Each structure stands twice: as structure tokens, then as C-alpha cells.
Amino acid sequence: MMDDFDLPISEIVQADYRTAEVFKKYQLNYCCGGLISLKSACDTRDINYESVVKDLKESIRNVKLSGNLPYHEWRTDFLIDFISNIHHSYLYRELPSLAAELQSFSMSHRKKYPNMEWVVELLDKLSSVLMMHNRHEDEIIFPYIKQIDSAFRRKEAYGNLFVRTLRKPLDIIEREHIRIQESLSSLLTMTNHFTIPEKACTSYQVLYHKLEEFYDNLIQHKFLEHNILFPRAIAIEQQLLLL
């Protein structure tokens, strides 16, 4: 973690892209005009330097999670809450602002970064699919899975009456997953696996880091659903029908 923030603002952002949101909050330029030191910028704008530093430290605080979390052992309701509160919430919160930032950057840098227009178009299409897809899961699919899981764990005598069969809705979700995966593969190609070109401006670097974060989050999100949650839910349905 950085402990010295009295550097040119652009260097702070290049060291950790997450600090860009703090500079947006205080309306401090971190791209082409970000060559001035943070202390000087704060003094010039009459901004409390210590407050900015405090926010910067908070923005780069890391919460470490083991790479070997026992997802397969988690209770079904906890797994659903994890997907909804971590992955779905991330998309609801971050995707609209990321799409808007990409659109704004693309419009003002068309000549220098023409490839960004394709990325904007792709993310717009992906965003519309994801928002509808996630809300369908949060409002219909996930509550149903929790209901049948509870009936199964409690060995409810009439648990089979709750079964409405997930196969048809999951077929639809599977087709959406395929579309999402195809779009993610295209995103990797368009960005050359998020490789930042030489001499790319700081704003461009920040956007690529955010795109990579979005990609990584979505890959884990879909793994938890496709490989663990949905197969388990179908198995629960089958076992309930045998009670």
C-alpha cells in the first residue's frame, strides 16, 4: 500500500487506478493535467490535504480473501446471498458508471483511441443483457431456489409441491450465459487481454483496469452459478420429488 501521497496526481493514479475515484470526488485532474503534486493541487484549490489522503488510503485498502474458499461446501442460501450481495451488487453499482465513463472518453478521444468505440458498443450490449439477467435471478430464480432448499433441508412432507422445475428457465439462463461469454471473449480480443498501450494517458489506463476488474468479477460470478448453484438446485428438485 502506498504511504507517500505527496506525488504528482497522475503518478498516484498510475500506481493504483482505484484512487481515480477520489480525485473525481474532489474534482482534481488526474490525467493530462495531473502533473502537479497532490499537496500543491490541494493548496491551490483550498482543499484539505489530510482529508484527501485519508480518502486515498481508504480507496486502496485491500481485503484479502483466500483463493481456496470452499464454495462447494457453502449452504445454498449463503451461496445465493454471496452471489447477489457481492457480484450482482457490484454490477448494479459499477456497470452504469463504467459505461458512462467509456462513452465520455471515447467521444473525446476518437482519433487517438478509435478502438474504444467498439469497446463502448460491446459494453452497452453486455450491460443490457446483464441487468435484465441479474434482476430475473434476484427476483424469481434465487427466491425459488431458496424455497426448495429450505423445504429439502427441513424434510417437509409436502416439499414436492414447491417444485416448479428449473430446467426451462435455466435453459434460458444458459443461453444468456453463452451470449455473455461470447461478449467477454470479444472484450479480451478488443483490448488485447487488457494490455495497456505504451504512452497511453492515465484516463485510458484507469478504464482498462476497471474493465479488467469487471471481467474478473463476472468470470467468478458465472462460475459460481453455472458450476455450483444451478446444478445443485436441479439436484434438490429431483430429491424433493422423491419425498
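**Exercise 1. Place His-209 in this predicted model: in which helix does His-209 lie, and which residues does it touch beyond those up to four places away in sequence?**

Solution. Begin with the element: His-209 lies in helix H8, and H8 itself covers residues 202-241. Next take the accessibility, which at a relative accessible area of 28% makes His-209 partly exposed. Then look for its partners, leaving out residues up to four places away in sequence; His-209 touches Tyr-17 and Ile-196. Finally compare sequence with space for one of these partners: His-209 and Tyr-17 are 192 residues apart in sequence, whereas their C-alpha atoms are 6.8 Å apart.

**Exercise 2. Determine whether Lys-222 is buried or exposed, and list what it touches when residues up to four places away in sequence are not counted.**

Solution. Lys-222 also lies in helix H8. Its relative accessible area is 11%, and the cut-off for a buried residue is under 20%, so Lys-222 counts as buried. With residues up to four places away in sequence set aside, the residues that Lys-222 touches are Leu-130, His-133, Asn-134, His-177, Ile-180 and Asn-227.

**Exercise 3. Work out how many disulfides the model has, and examine Cys-201 and its nearest cysteine sulfur.**

Solution. The criterion is a pair of cysteine sulfur atoms within 2.5 Å, and by this rule the count comes to zero disulfides. Cys-201 is accordingly in no disulfide, and the nearest cysteine sulfur, that of Cys-31, is 3.8 Å away. As for the accessibility of the two residues, Cys-201 is buried with a relative accessible area of 10%, and Cys-31 counts as buried at 13% relative accessibility.

**Exercise 4. Describe which residues of helix H3 are buried, how they are arranged about the helix axis, and what covers them.**

Solution. Within H3, which spans residues 38-45, the buried residues are Leu-38, Ala-41 and Cys-42. Viewed down the axis of H3, these buried residues fall within an arc of 100°, so they line one face of the helix. The elements that cover them include helix H1 (9-15), helix H2 (20-25) and helix H4 (49-59).

Consider next the pair formed by H3 and H4, whose axes are 9 Å apart and which pack at an angle of about 130°. H3 and H4 are therefore oblique to each other, and their crossing is right-handed. At the level of residues, Leu-38, Lys-39 and Cys-42 in H3 meet Tyr-49, Val-52, Val-53 and Leu-56 in H4.

**Exercise 5. Locate Phe-5, and find what it contacts outside its neighbours within four places in sequence.**

Solution. Phe-5 lies in the segment before H1, and with a relative accessible area of 3% it is buried. Once the neighbours within four places in sequence are left aside, Phe-5 is in contact with Ile-12, Leu-38, Tyr-49, Val-53, Leu-56, Lys-57 and Ile-60. The separation from Val-52 can be given in two ways, for Phe-5 and Val-52 are 47 residues apart in sequence and 9.5 Å apart from C-alpha to C-alpha.

**Exercise 6. For Asp-46 and Asn-192, state where each lies and what sign phi takes.**

Solution. Asp-46 follows H3 and has its place in the loop between H3 and H4. Its phi is near 55°, a positive value in a residue other than glycine, and with a relative accessible area of 72% Asp-46 is exposed. Asn-192 lies in the loop between helix H7 (167-190) and helix H8 (202-241); its phi is likewise positive, near 55°, in a residue other than glycine.

**Exercise 7. Characterise the packing of helices H5 and H6, and then the surroundings of Met-190.**

Solution. The axes of H5 (residues 76-108) and H6 (residues 115-153) come within 9 Å and cross at roughly 165°. That makes H5 roughly antiparallel to H6, and the crossing of the two helices is left-handed.

Turning to Met-190, its place is in helix H7, and at 31% relative accessibility it counts as partly exposed. Not counting residues up to four places away in sequence, Met-190 touches Asn-115, Trp-118, Val-119, Leu-122 and Tyr-208. The C-alpha atoms of Met-190 and Met-116 are separated by 8.5 Å, although these two residues are 74 residues apart along the chain.

Definitions and conventions
Residues numbered from 1 in each chain as written. Predicted model: local features only at pLDDT ≥ 70, side-chain atom pairs only at ≥ 80, totals over all residues. Heavy atoms only, no water. Buried < 20%, exposed > 50% of the residue type's maximum accessible area, 1.4 Å probe, protein only. Helix = DSSP H or I, 4+ residues; strand = E, 2+ residues; numbered from the N terminus. Arc of directions from axis to C-beta. Contact = heavy atoms within 4.5 Å. Axes fitted to C-alpha atoms, helices over the stretch in contact; angles between N-to-C directions. Parallel < 35°, antiparallel > 145°, perpendicular 65-115°, else oblique. Left-handed = near helix turned anticlockwise from the far one by under 90°.
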